[in-house]
Amino acid sequence: MLTRMINGLEEAVISVLLAAMTLLVFMEVVLRFGFGTGLMWAEEATLHISAWMVLFGASYGIKVGSHIGVDALVRILPSGVRRFVSGIAVVACLVYTGLFTYGGWIYLKKMHMIGIELEDMPIPKWVAHSIIVIGMVLMAIRLLTLLWNIVTGKADGFKIVDEAQESMHLAKEAQASA
């Protein structure tokens, strides 16, 4: 239930952010090259929207297996050893997200205490940068789910894109259509 809610939330937020950034950049290009003017806040808004997309996307990438990894050695290991090694890797990723979340929380508390706003927009800096903690917590949830699947035997590691296999598939499709 929680996983489905997170999936829907991530997909909706990523879609809205992508649409907003696309429209904002389009509008800025039209204003600059068509009318010789622009919006002072557009560049800063685009930068923050892209940061939000990246961190939401990183979490979503764990779910759908779109991250690239070097797993040639891990793939040749027996299933039990592969699960053990993958479990260690997931725990290391959880430590990383935990450290990043902790550091991000300290940073956000200081920004809240100081009370400064973004340079070009009247938005508190801590609100705009809160994606640091939000993104890391979402990644931690994805990693905990993956760790549980490894422990229970539902998965034997990260779902990672096999670029070589994907490239061969695309090459075969290109040959078939030629």
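Why are glutamate 28 and arginine 32 separated by about one helical turn? The two residues are four apart in helix α1, and therefore about one helical turn lies between them. In this predicted model, the pair also forms a salt bridge, in which the closest N and O atoms are 2.5 Å apart. The two partners differ in their exposure. Glutamate 28 has a relative accessible area of 11% and is buried, whereas arginine 32, at 49%, counts as partly exposed.

That salt bridge is one of three in the structure. Another one joins the side chains of glutamate 10 and arginine 142, with an N to O distance of 2.4 Å. Here the partners come from distant parts of the chain: glutamate 10 belongs to helix α1 (residues 2-35) and arginine 142 to helix α6, with their positions 132 residues apart in sequence. Both glutamate 10 and arginine 142 are buried. For glutamate 10 the relative accessibility is 0%, so the residue counts as buried, the limit being under 20%.

The surroundings of glutamate 10 can be followed further. Leaving aside residues up to four places away in sequence, glutamate 10 touches Phe56, Ser59, Tyr60, Leu138 and Arg142. With one of these, serine 59, there is a polar contact of 2.4 Å between the side chains. Leucine 94 provides a reference point elsewhere in the chain: its C-alpha atom is separated by 19 Å from that of glutamate 10, and the two residues are 84 apart along the chain.

The salt bridge between aspartate 156 and arginine 82 also connects side chains, at 2.8 Å from N to O. This pair too links distant parts of the chain, 74 residues apart: aspartate 156 is in the loop between α6 and α7 (163-177), and arginine 82 is in helix α4. Aspartate 156 has a relative accessible area of 34%, so it is partly exposed. Arginine 82 is buried, with a relative accessible area of 17%.

Helix α4 leads on to the surface. Phenylalanine 84 is found in this helix, which runs over residues 79-114. Its relative accessible area is 56%; phenylalanine 84 is therefore exposed, a class that begins over 50%. Together with Val81, Val85 and Ile88, Phe84 makes a nonpolar surface patch of about 350 Å².

The position of phenylalanine 84 can also be set against the record. An unreviewed UniProt entry carries the annotation "transmembrane region" for residues 12-33, 45-63, 84-107 and 127-151. In the model, the span 84-107 is 100% helix and 0% strand, and its end C-alpha atoms are 35 Å apart. The span 127-151 is 92% helix and 0% strand, with 36 Å between the end C-alpha atoms.

Within residues 127-151, one position to look at is histidine 129. This residue is found in the loop between α5 (125-128) and α6 (131-151). Is histidine 129 buried or exposed? Its relative accessibility is 17%, and so histidine 129 counts as buried. Apart from residues up to four places away in sequence, histidine 129 touches His48, Tyr107, Leu108 and Leu118. Two of its polar contacts can be described. The side chain of histidine 129 meets the side chain of tyrosine 107 at 2.7 Å, and a polar contact of 3.1 Å joins the side chains of histidine 129 and histidine 48.

The histidine pair brings another helix into the picture. Histidine 48 lies in helix α2, which covers residues 42-64. Histidine 48 and histidine 129 are 81 residues apart in sequence, while their C-alpha atoms are 7.9 Å apart in space. At 13% relative accessibility, histidine 48 counts as buried. Its contacts, again not counting residues up to four places away in sequence, are Leu118, Ala128 and His129. Leu118 thus appears in the contacts of histidine 129 and in those of histidine 48.

How values were computed
Residues numbered from 1 in each chain as written. Predicted model: local features only at pLDDT ≥ 70, side-chain atom pairs only at ≥ 80, totals over all residues. Heavy atoms only, no water. UniProt positions renumbered as here; feature names shortened; annotations may be inferred. Patch = residues over 30% accessible without salt bridge, like charges linked within 9 Å, V, L, I, M, F, W, Y side chains within 5 Å. Areas by Shrake-Rupley, 256 points an atom, 1.4 Å probe, with all protein chains shown as cover. Salt bridge = Lys/Arg side-chain N within 4 Å of Asp/Glu carboxyl O. Buried < 20%, exposed > 50% of the residue type's maximum accessible area, 1.4 Å probe, protein only. Contact = heavy atoms within 4.5 Å. Polar contact = N/O pair within 3.5 Å; in protein donor to acceptor, adjacent residues only side chain to side chain.
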